[in-house]
Amino acid sequence: MSAGPASSRPSATGSADAKPASGDVLPGMVSAAVARTQLAALTTGTPGTMAGYSRDRFTHWAEQGGRCDTRETVLKRDGKDVTQDSECRARSGSWKSLYDGAVVDEPGALDIDHMVPLAEAWRSGASGWDAARRKAFANDLTRPQLLAVSAASNRSKGDQSPDLWQPPDKSSWCQYGRAWTTVKSHYRLTVTEAERAMLTTMIDTCAS
């Protein structure tokens, strides 16, 4: 879960040019068949402790060029008719929140969600990463890790895994399951048996 911008803006990571594929609202998505293969290959584990965890251990939001940080880059990418000020801050536009289907026209009512929350990543392997890898994870614009959603849905999700929280709009489950699986696969994070079961259920909602 992630909300507003942080005060620090370190150097750029990721690719601001990544665009969602047709039919998906997130970049770097794979087919249901590929997601099933990725899911089968994920290591099963038990959640680690939160010892040593802090959101500050994951540097965000990183500078992405042109005075834009990761948050503002995602707002621009995910919205329609987005206008920005001279500091790259979104001033107007329209966004459809994937999780609940809400249409939002006020940038301040949006959060930028980490598909796999920082705390959940910490519990499933990120506690052993170095600072550079945690920064890359927190600002990843290439994979389906970041998206603009309604603040209400993001805060309802918190840092919960799919077995504990699912998007209320079930039409988003196909994308959610594929996105979560792809991120965990790329970063070699573990899953629990319950998490794997719910991801399977979500991916099975895909038409193909």
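This tour moves through a predicted model, from the whole chain to its disulfides, two individual residues, and the pocket and cavity.

**The whole chain**

Begin with the full protein chain in cartoon representation. Seven helices and seven strands are present, and their order along the sequence is α-β-β-α-β-β-β-β-α-α-β-α-α-α. Colouring by accessibility is a useful next step: of the 208 residues, 50% are buried. The chain exposes about 9100 Å², of which carbon and sulfur atoms supply 51%. As for contacts between residues at least 6 apart in sequence, 75% join residues that are at least 24 apart.

**The disulfides**

Now display the cysteine side chains. How many disulfides does a search of the whole structure find? The search returns two. When the bonded cysteines are numbered in sequence order, their pairing reads 1-2, 3-4.

Select Cys-68 and Cys-88 to view one of these links, in which the sulfur atoms lie 1.8 Å apart. The torsion about this S-S bond is about 90°, so the disulfide is right-handed. Distant parts of the chain are linked here: Cys-68 belongs to strand 2 (residues 68-69), while Cys-88 sits in the loop between strand 3 (80-84) and strand 4 (90-96), 20 residues apart. Are these two cysteines buried or exposed? Cys-68 has a relative accessible area of 15% and is buried because the cut-off is under 20%. Cys-88 is likewise buried, at 3%.

Move next to Cys-174 and Cys-206, which are joined by a disulfide with an S to S distance of 2.0 Å. The angle about the S-S bond is 105°, and this link is right-handed. Cys-174 is in helix 6 (residues 173-186) and Cys-206 is in the segment after helix 7 (193-203), so the bond ties together parts that are 32 residues apart in sequence. Both Cys-174 and Cys-206 are buried.

**Gln-38 in helix 1**

Select Gln-38, which is found in helix 1 (residues 32-41). With a relative accessible area of 16%, Gln-38 falls under the 20% limit and is therefore buried. Which residues does Gln-38 touch, once those up to four places away in sequence are set aside? They are Val-30, Thr-181, Thr-182 and Ser-185. Showing these side chains together with Gln-38 displays the set of contacts.

**Leu-110 in strand 6**

Centre the view on Leu-110, a residue of strand 6 (residues 110-114). Its relative accessibility is 2%, and Leu-110 counts as buried. Display its contacts, leaving aside neighbours within four places in sequence: Arg-71, Leu-75, Trp-95, Val-104, Val-149, Ser-150 and Ala-151. One of these partners, Trp-95, can be used for a distance check. Leu-110 and Trp-95 are 15 residues apart in sequence, and their C-alpha atoms are 8.6 Å apart in space.

**The largest pocket**

Turn on the surface and select Val-25, Asp-78, Lys-96, Ser-97 and Leu-98, which lie nearest the centre of the largest pocket. The pocket has a volume of about 360 Å³, and its lining comprises 19 residues. Which element provides the largest share of this lining? Strand 4 does, with three residues. Helix 2 (70-78), strand 4 and strand 7 (146-150) each contribute at least two residues. Colouring the lining by residue class gives seven nonpolar, seven polar and five charged residues.

**The largest cavity**

For the final stop, hide the surface and look inside the protein. The count of cavities of 30 Å³ or more comes to one. The largest cavity has a volume of about 40 Å³. To locate the largest cavity, select its lining: Gly-45, Thr-46, Pro-47, Glu-120, Arg-123, Ser-124, Thr-190, Val-191, Thr-192 and Glu-195. How does this lining divide by class? Two of its residues are nonpolar, five are polar and three are charged.

Technical notes:
Residues are numbered from 1 along each chain as its sequence is written. This is a predicted model: local features need pLDDT of at least 70, side-chain atom pairs count only at pLDDT 80 or more; totals for chains, interfaces and linings use all residues. Side-chain values use heavy atoms; hydrogens and water are left out. A disulfide is a pair of cysteine sulfur atoms within 2.5 Å. Helices (H or I, at least four residues) and strands (E, at least two) are DSSP runs, numbered from the N terminus. Buried means under 20% relative accessible area, exposed over 50%, partly exposed in between (1.4 Å probe, protein chains only). On a 1 Å grid over the protein atoms alone, a cavity is a set of points where a 1.4 Å probe fits but cannot get out, and a pocket is an open set with protein on both sides within 12 Å along at least five of seven lines; lining residues have an atom within 4 Å of a point. Grid points are joined across faces, edges and corners, and a volume is the space filled by probe spheres set on the points. Ala, Val, Leu, Ile, Met, Phe, Trp, Tyr, Cys and Pro count as nonpolar, Asp, Glu, Lys and Arg as charged, and the others, Gly among them, as polar. Contact means heavy atoms within 4.5 Å. Accessible areas come from the Shrake-Rupley method with a 1.4 Å probe; for residues, only the protein chains shown count as cover.
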